Amino acid sequence: MIEIKKYSNRRLYNTDTSSYITQEDIVELIKKGMKFKIYDADTKKDITSNILTQIVLDRENSGTNMIPEEFLKQIILFSERQQAADMFGFLNNVHNFAQSNNLFTQGFQNMLKLNPFDLQSYFNMNGANNKTKEPAPKDKQNNVEELLSQVEKLKTEIDQIKKKEKAS
């Protein structure tokens, strides 16, 4: 993991290469998939999130609207209502879903393949993640099994409705 120090003069120092870097260099690290942490040189506090947010804000100021206004308003509202943890938990789940379905690298073409009635292609029967073969935590496993049960029930109901329509 690359360690980057931010000094009080706002300069960023890559301890791996022993050189000063810019925000664009950080973007390049992200593009290359490299892992890094940014620390305040004085306090030793992890400020990675702050610097990444600053990069997003700088891009917003340059005319690249990366985040819709309504979404920003919702972030503020969640924060005011002391629900920021809920919202960021939801965003983390969306990110994990997008990451596991390669939406960031392959776009939405994989979403078109998603069949909501075929969850077993995404989760095997014991709730394990098909890509890593790691068992899911018990609460998630139970949730997946419950969802699969509900989907099967809905399939049965749809089949019954179709049979009634054909009979009429």
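Guide: Between helix axes, angles under 35 degrees count as roughly parallel, over 145 as roughly antiparallel, 65 to 115 as roughly perpendicular and the rest as oblique. The structure discussed here is a predicted model.

Visitor: At what angle do helix H1 and helix H2 pack, and which class of orientation follows for them?

Guide: Helix H1, residues 23-31, packs against helix H2, residues 48-61, with the two axes 11 Å apart and at an angle of about 110°. Because the range of 65 to 115 degrees is the one that applies, the orientation of H1 and H2 is therefore roughly perpendicular.

Visitor: Which residues of H1 make the contact with H2, and how many of the residues in this contact are nonpolar?

Guide: On the side of H2 the contact is made by Ile 51, Leu 52, Gln 54, Ile 55, Asp 58 and Arg 59, while H1 contributes Gln 23, Glu 24, Ile 26, Val 27 and Ile 30. Sorted by class, the contact of H1 with H2 has 2 polar and 3 charged residues, and the nonpolar ones number 6.

Visitor: Which strand pairs with strand E1 in the parallel sense, and which runs antiparallel to E1?

Guide: Over 5 bridges, E1 (residues 2-6) pairs in the parallel sense with E4 (residues 36-40), and Lys 6 stands opposite Asp 40 of E4. A further 3 bridges join E1 to residues 12-14, with Lys 5 opposite Tyr 13. The parallel partner is thus E4, and the antiparallel one is E2.

Visitor: Which residue in the turn between E1 and E2 has a positive phi?

Guide: E1 and E2 form a hairpin, with 5 residues between the two strands. In that turn, a positive phi of about 75° belongs to Arg 10.

Conventions:
Residues numbered from 1 in each chain as written. Predicted model: local features only at pLDDT ≥ 70, side-chain atom pairs only at ≥ 80, totals over all residues. Heavy atoms only, no water. Axes fitted to C-alpha atoms, helices over the stretch in contact; angles between N-to-C directions. Helix = DSSP H or I, 4+ residues; strand = E, 2+ residues; numbered from the N terminus. Contact = heavy atoms within 4.5 Å. Nonpolar A, V, L, I, M, F, W, Y, C, P; charged D, E, K, R; others polar. Pairing = 2+ DSSP bridges.
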